[in-house]
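Thanks for coming, everyone. I'd like to walk you through one structure today, so please have a look at the screen with me.

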Amino acid sequence: MSEAVMQLKNVKKTIGKKEIIKGLDFEIHAGEVFGFLGPNGAGKTTTIRMMVGLIQMTEGDVVIKGHSISRDFKQAIRHVGAIVENPEMYPFLSGWKNLVHYARMMPGITEERIHEVVRLVGLEKRIKEKAGKYSLGMRQRLGIAQALLHNPSVLILDEPTNGLDPSGIREIRAYIRKLAEEEGVAVIVSSHILSEMEMMCDRMGVIKNGELISIQMVHETQQREDVEVVFTASPVDQSATVLKELTGKDVEAGEETLTVQMAKEAIPDVVSELVQKGIRIYGVNIHTSTLEDKFLDLIGEGAVE
Ligand SMILES: Nc1ncnc2c1ncn2[C@@H]1O[C@H](COP(=O)(O)OP(=O)(O)OP(=O)(O)O)[C@@H](O)[C@H]1O
């Protein structure tokens, strides 16, 4: 596995008497998009604010490229780019001038680097226009460009697709993936939108009531698990017997349908066998357990105490 660029070590936050974050331990690696998923009030924003040093931890540490954010803040934060609230920008300045303005506040940012971040977020053609004329998606991309100016190893985006229309969401998703894949940036995105996480992330951590209750690879889990397949076939009795033989799994027979949990890859062979045995097939429907099902399984109903 690639280098761990950010490590959370037993991170806790207590406000008043309430323990809001209860000891988070996980790592984020170079080149991955890590989704931080949880229902409202689970503790995502509080955790992100600790990751970027906006608020102090009560206990534990965040280590970025080997530097502790509590003991070595300057060195640690050098490697982080973030949009925690809405990206700040001057509407009366062009996108380019906004970036030049921010570049001046940081040492060693060349004009070439500004061109590079503009290209990374695909704003080349519109960068000379006033930021006030940008769509929300373009403003978000300009915000990402700004956060990337100092070439951070970790990019943290709190709810980056909030308020965007479907095409804006698709664009942001594409640029986030590109940053991870082509630039090797570790990207952390928080969201409570499950389908978003499924399409955007390599790995996902689920947080509930300030605790991490699961970390999983998004696509591996999708591929490895059996899917629910519903065959509409006749005659049903004979189909049930054959399906059971072929898959070795329990088959639930209805009036016209047969439901079985099986590997998706095995479907063509099973269909071919059924046909050879004289069974007539009217339909094959697959129900993949979505991330949403898994998420709801994990957090349960009434997720927030
Ligand atoms: N300054 C504070 N004082 C008291 N409680 C707080 C404070 N900040 C956060 N909390 C509480 O901590 C919990 C976690 O809040 P947080 O904003 O981190 O959740 P979240 O997962 O980001 O949710 P959302 O998606 O709604 O932003 C909530 O119960 C919230 O009420």
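Let's start with one pair of residues: Phe-34 has Arg-203 in E9 as its bridge partner. Before I go on, please keep in mind that this is a predicted model. That pair belongs to a longer connection, in which strand E3, residues 33-37, and strand E9, residues 203-208, run parallel and are joined by four bridges.

Now zoom out to the sheet around them. In what order do the six strands of this open sheet come? Reading across, we get E6-E7-E8-E3-E9-E10, and the pairing is mixed. At the edges sit E6 and strand E10, residues 211-217, each of which pairs on one side only. From one strand to the next, the twist averages 15°.

Two helices on this sheet are worth pointing out. Helix H5, residues 136-148, packs on the sheet and touches E6 and E7, with its direction at about 155° to that of E6. Helix H6, residues 166-183, also packs on the sheet, where it touches E3, E7 and strand E8, residues 186-191. The direction of H6 makes about 150° with that of E8.

Let me stay with the edge strand E6 for a moment. E6, residues 80-83, runs parallel to strand E7, residues 154-158, and four bridges join the two. Within that pairing, Ile-83 stands opposite Leu-157 in E7. Are the residues of E6 buried or exposed? Val-80 and Ala-82 on one side, and Gly-81 and Ile-83 on the other, are all buried, so both faces of the strand are covered. As a reminder, in a regular strand the side chains alternate between the two faces of the sheet.

On to the ligand, which I suspect many of you were waiting for. Which residues surround the ligand? Going along the chain, they are Ile-15, Ile-20, Gly-38, Asn-40, Gly-41, Ala-42, Gly-43, Lys-44, Thr-45, Thr-46 and His-192. Helix H1, residues 44-51, gives the most to this shell, with three residues. Sorted by class, the shell has seven polar residues, three nonpolar and one charged.

There is another sheet to show you. Four strands form this open sheet, in the order E12-E13-E11-E14, and here the pairing is antiparallel. Its edge strands are E12, residues 251-253, and E14, residues 280-287, each pairing on one side only. Neighbouring strands of this sheet are turned by 20° against each other on average, ignoring direction.

Inside this sheet, strand E11, residues 227-234, and strand E13, residues 257-262, run antiparallel with six bridges between them. One detail to find on the screen is Val-230, whose bridge partner in E13 is Thr-259. Helix H9, residues 236-247, packs on the sheet and touches E11, E12 and E13, and its direction makes about 5° with that of E13. Helix H10, residues 267-276, packs there as well, touching E11 and E14, with its direction at about 160° to that of E14.

Finally, the whole chain. How many helices and strands does the chain have? There are 11 helices and 14 strands. Of the 305 residues in the chain, 33% are buried. The C-alpha atoms fill a box of roughly 75 × 50 × 35 Å along the principal axes. And if you take the contacts between residues at least 6 apart in sequence, 70% of them join residues at least 24 apart.

That's my tour, and I'm happy to take questions.

Note on methods
Residues numbered from 1 in each chain as written. Predicted model: local features only at pLDDT ≥ 70, side-chain atom pairs only at ≥ 80, totals over all residues. Near = placed C-beta within 6 Å. Nonpolar A, V, L, I, M, F, W, Y, C, P; charged D, E, K, R; others polar. Buried ≥ 20, exposed ≤ 12 C-beta atoms within 10 Å, placed from the backbone. Pairing = 2+ DSSP bridges. Axes fitted to C-alpha atoms, helices over the stretch in contact; angles between N-to-C directions. Contact = placed C-beta atoms within 7 Å.
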